[in-house]
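Biologist: I'd love a close look at a single part of this model rather than a tour of everything. Could you pick one, and walk me through it and its surroundings?

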Amino acid sequence: MRLPARGAALIALASLAACNAASAADETLASADASPDTQTPQTAAAPVMTPPPAAAAPEAQGPATFLYDGELTQGGFIRGQVPAGTVSARLGETPLAIGPTGRFFAAFDRDESTQAFLHASMKDGRQVSVPVTVSPREWNIQRVNVAKREGGSSEAWWAKREPEWNAIVDARARQTGAEGWTQDFVWPVTGRISGLFGRQRIYRGEPGSYHSGIDIAPGGGVPFVAPADGVVVLARTGFSLEGNLIIIDHGAGLNSAFLHASRIVVEEGQAVTQGQHIGNVGASGRATGPHLHWSLKWHDARLDPLLFTGPMP
């Protein structure tokens, strides 16, 4: 069985032995119980008829173990199918949202270790765990011979920033049931890439924060679009750092954020489709010039947008 997706080849892990009484992968996949034929009532003169044997129970639908493919690297992702009979599943300690047909999405943080584990709890009480090999990446690391600036900020600044931060956290936690995660993503805008995901500075041995998204600089005012279907969970202006900010939930814990817009043309709660105009490139917030900062997160994992879109056309 092979699942459609771009990226690395299908990994099908060793099959597990099926139980004699196999259960279905999901209520929506369960087949109707087979029933024996009914026996015609007999009279005293009628010969005795032997009823036919009951039909065998149908085999469980779905794979015997996890099937998946995708970008098996730091900042990458997988799409796949849970084993038949799965009640719940997780990647490491992060729960997976399982679709009605057993499909799931999961992803790997920029600093993910080289081995992760998929776990499933089964209807029959079994626990299934399979390893996933995650390839490391070489990040753009700049080592500078200057001291890192002290962190922290004034109470007055944080008084403004705290509600902004909470709004972002709350928006990214929303689950809308969107299914954009099933799609191959498109570029929200094309232009010069001015900042890559994962780059980082080391200040005299002390690491600074890494770049959490990709920066695209097509020029101020250029429209940008939704890279996949979703629901707008945040669309507000005037954030201290992000400026005018849009966040779209793509479902299954995956969301996109678009920073520094000059204009927002969507509203919170609005469903959007892939390729739909959602805003215009700007330099609002803390930006040195007009550009779109696009970041992707799956729960707490930060992801590389380049792995979702492929090279810019």
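Modeller: Gladly! One term to begin with: two residues are in contact when heavy atoms lie within 4.5 Å. Please also keep in mind that this is a predicted model.

Let's take helix H1, residues 155-173. With 19 residues at 1.5 Å a residue, H1 should span 27 Å, and its end C-alpha atoms are 26 Å apart, so the two values agree. The helix does bend, by about 30 degrees at arginine 161, and proline 163 follows within four residues. Arginine 161 is also one of the buried residues of H1, and the others are Glu164, Ala167, Ile168, Ala171 and Arg172.

What do these buried residues pack against? Their partners are five strands: E15 (230-239), E16 (243-251), E17 (254-261), E21 (292-298) and E22 (301-303). To see what surrounds the helix, we can follow four of these strands from one to the next.

Start with E15. Seven of its ten residues are buried, so E15 is largely enclosed by the rest of the structure. Strand E15 has an antiparallel pairing with E19 (residues 271-272) over two bridges, and there valine 231 has alanine 271 as its bridge partner. E15 also pairs with E16, again in the antiparallel sense, over six bridges. In that pairing arginine 236 is matched with leucine 245 of E16, and a hairpin of three residues carries the chain from E15 to E16.

From E16 the chain moves on to E17 through another hairpin, this one with two residues between the strands. Alanine 252, in the turn, has a positive phi of about 60 degrees. E16 and E17 are antiparallel and share six bridges, with asparagine 244 facing its bridge partner alanine 261 in E17. As for burial, E17 is mostly covered: eight of its eight residues are buried.

E17 then pairs with E21, antiparallel and over six bridges. One of the matched pairs is leucine 254 with tryptophan 298 in E21. That tryptophan turns up again in an aromatic cluster, where ring pairs link Trp298 with Phe77, Phe105, Trp181, Phe185 and Phe308.

E21 is also the place of histidine 293. Is this residue buried or exposed? With a relative accessibility of 7%, histidine 293 counts as buried, because the cut-off for burial is under 20%. Neighbours within four places in sequence aside, histidine 293 is in contact with Ala257, Phe258, Leu259 and His260, among others. The list of contacts also includes His211, Ser212, Gly213, Ile214 and Asp215. Glycine 213 shows how far along the chain such neighbours can lie: histidine 293 and glycine 213 are 80 residues apart in sequence, yet 6.3 Å apart in space, C-alpha to C-alpha.

Tyrosine 210 is worth a stop as well. The whole structure has twelve aromatic pairs. In one of them, the rings of phenylalanine 197 and tyrosine 210 have their centres 6.1 Å apart and their planes at 75 degrees, so this pair is edge-to-face. The two residues are 13 apart in sequence, with phenylalanine 197 in the loop between E10 (192-195) and E11 (200-203), and tyrosine 210 in the loop between E12 (206-207) and E13 (214-217). Phenylalanine 197 and tyrosine 210 are buried. Arginine 110 lies over the face of tyrosine 210, at 4.3 Å from the ring centre.

To place all this in the whole chain: the secondary structure comes to two helices and 22 strands, and 43% of the 313 residues count as buried. Among contacts between residues at least 6 apart in sequence, 68% join residues at least 24 apart.

Back to the part you asked for, then: H1 bends at arginine 161, and its buried residues pack against E15, E16, E17, E21 and E22.

Key
Residues numbered from 1 in each chain as written. Predicted model: local features only at pLDDT ≥ 70, side-chain atom pairs only at ≥ 80, totals over all residues. Heavy atoms only, no water. Expected span 1.5 Å × (residues − 1). Bend = angle between axes of the 7 residues up to and from the residue. Buried < 20%, exposed > 50% of the residue type's maximum accessible area, 1.4 Å probe, protein only. Pairing = 2+ DSSP bridges. Phe/Tyr/Trp six-rings, centres within 6.5 Å; stacked < 30°, edge-to-face > 60°. Lys NZ or Arg CZ within 6 Å of the ring centre and 35° of its normal.
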